[in-house]
Amino acid sequence: MSNLDALDLARIQFAFTVSFHIIFPAITIGLASFLAVLEGCWLKTNNPVYRDLYHFWSKIFAVNFGMGVVSGLVMAYEFGTNWARFSDFAGSVTGPLLTYEVLTAFFLEAGFLGVMLFGWDRVGRKLHFFATVMVAIGTLISMFWILSSNSWMQTPQGIEIIDGRVAPVDWFKIVFNPSFPYRLAHMALAAFLSTALFVGASGAWHLLRGRDTPQVRKMLSMAMWMILVATPVQVVVGDAHGLNTLEHQPAKIAAIEGHWENVPGEASPLVLFGLPDMDAEKTRYSLEVPYLGSLILTHSLDKQIPALKSFAKEDRPNSTIVFWSFRLMAGLGMLMLACALLALVLRRNGALYRNKAFLWFALLMGPSGLIALLAGWFTTEVGRQPWVVYGMLRTTEAASNHSAAQMSVTLALFVLIYFSVFTVGIGYMMRLVRKGPKTHEEHVSPDAPGQLATARRPLSVAD
């Protein structure tokens, strides 16, 4: 770390904590909605398979939810400790938005989470289902406010700059800023896909181990249906998001495409692969498809996409990073679609649960949703550079006045503590997944005939 200054270390630290944190909310959002669907299906059909799956995934949800809350608290403090100048500049906007999340999402989740996790035999069926739905809605509301805050940093509006600080003028414009609807839809679908791939991989793993039960089949089947429906929608949303980014953050699009200059009167090519060189101002070893860049990004053959050389050097995002992070995200998206289509073919042939090659494919695709989600966030955040608030506050102006030595120590501590704590939590969660769903009879407590055993301590629901 000797060659890194305090700003570089602050950025690495925040990227590290965000990358760890975002995994948990994504799975929490997806699992909360999945649990609501499972309980709703059980109430409608009285099929015990849905009930058994609910009990199984609610345990994993509980552990994941706890890790998400803990990792999220750290980031809230980092705004003040590492990015004090950003907080001073934009706190009048980001502070209220994050407060709205607490007042709406956190209070809603806190009010119904206990009923959802511990009230199965203590409240009526409809009330318990209502609690599950409220928790699911709470996770979506939380995502709403977080994405609103982040999107405002990408496409700020509804404010004035007074005495070097942001002053809110129109809260509707602040919340519903130009990129917010696209980012919200994109993130929601990413959370659902990440969860579906996780659930599908769990089902595939048990089938490969020879545990062919109705519960295992059902969770694999439901996961594949979700991937089949959500992936094409995500492609459409991603295309609309790209057009929005082209309008409001053209330098980001140029960096993603590794596109340095345009030929007058000629449509822009699409660079499939290459090595963007920021110093040489070119993409080495590029493999290009003529006209396709203009067709995909402008939906025409007579318009050009922005070129990096048309922006000042100090205003260019790091193309070397976002070029590959975007392609990793898009490539995994295509594999998700291939997995869902293959599942559809095998389902029609009656071989969905027996084809070992497909089951291995589904198992290996398990972490792909989270990897694609992280790659997408790297594309979004690195592509916004060199700005923290786009066009208003540079990253160099936002950091706190810390020394490189201080940042090195705290970064090392974060890495040590995070890997120590969350590796144990993730390992425990995966151990629960490996156990697989139990039947109703296996849930019954020997001390309370006819009743489901219910945990009495928060995380003991995962015992």
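Which residue forms a salt bridge with D88, and how far apart are the closest N and O atoms? In this predicted model, the partner is R165, and the closest N and O atoms of the two residues are 3.0 Å apart. The pair links distant parts of the chain, with R165 in strand β2 (residues 165–168) and D88 in helix α3, 77 residues apart. The points below take up the salt bridges, then the surface patches, and then two of the helices.

**Salt bridges**

- The count of salt bridges comes to ten, and the one between R165 and D88 joins two partly exposed residues, since R165 has a relative accessible area of 41% and D88 has a relative accessibility of 44%.
- Another salt bridge is formed by D212 with R217, where the closest N and O atoms are 2.6 Å apart; D212 is partly exposed at a relative accessible area of 40%, and R217 is partly exposed at 30%.
- K313 and E281 also meet through their side chains in a salt bridge, at 3.9 Å from N to O.
- Because K313 lies in the loop between α9 (292–298) and α10 (319–348), while E281 lies in the loop between β3 (270–277) and β4 (282–289), this pair ties together parts that are 32 residues apart in sequence.
- The two partners differ in cover, for K313 is exposed with a relative accessible area of 57%, whereas E281 counts as buried at 19% relative accessibility, the cut-off for buried being under 20%.
- E281, K313 and R316 are joined into one network by salt bridges that share partners.

**Surface patches**

- A nonpolar patch on the surface is formed by Y100, V102, L103, F106, F107 and W171, which together have about 530 Å² of accessible area.
- Helix α3 (residues 84–118) gives the largest share of this nonpolar patch, namely five residues, and L103 lies in that helix.
- A patch of positive charge on the surface gathers R431, R434, K435 and K438; of these, R434 has its place in helix α14 (residues 404–435) and is partly exposed, with a relative accessible area of 45%.

**Helices α6 and α7**

- Helix α6 (residues 180–208) has 29 residues and reaches 42 Å from its first C-alpha to its last, which is close to the 42 Å expected at 1.5 Å a residue.
- Most of α6 is covered, as 22 of its 29 residues are buried, and just after this helix G210 takes a positive phi of about 90°.
- V233, in helix α7 (residues 214–248), counts as partly exposed at 38% relative accessibility.
- Although V233 and H186 are 47 residues apart in sequence, they are 9.3 Å apart in space, C-alpha to C-alpha.

How values were computed
Residues are numbered from 1 along each chain as its sequence is written. This is a predicted model: local features need pLDDT of at least 70, side-chain atom pairs count only at pLDDT 80 or more; totals for chains, interfaces and linings use all residues. Side-chain values use heavy atoms; hydrogens and water are left out. Patches are made of residues with over 30% relative accessible area and no salt bridge: like charges are joined within 9 Å, nonpolar side chains (Val, Leu, Ile, Met, Phe, Trp, Tyr) within 5 Å. Accessible areas come from the Shrake-Rupley method with a 1.4 Å probe; for residues, only the protein chains shown count as cover. A salt bridge is a side-chain nitrogen of Lys or Arg within 4 Å of a carboxyl oxygen of Asp or Glu. Lys and Arg count as positive and Asp and Glu as negative; His and the chain ends are not counted. The place of a charge is taken as NZ of Lys, CZ of Arg, CG of Asp or CD of Glu. Helices (H or I, at least four residues) and strands (E, at least two) are DSSP runs, numbered from the N terminus. Buried means under 20% relative accessible area, exposed over 50%, partly exposed in between (1.4 Å probe, protein chains only). The expected span of a helix is 1.5 Å times one less than its number of residues.
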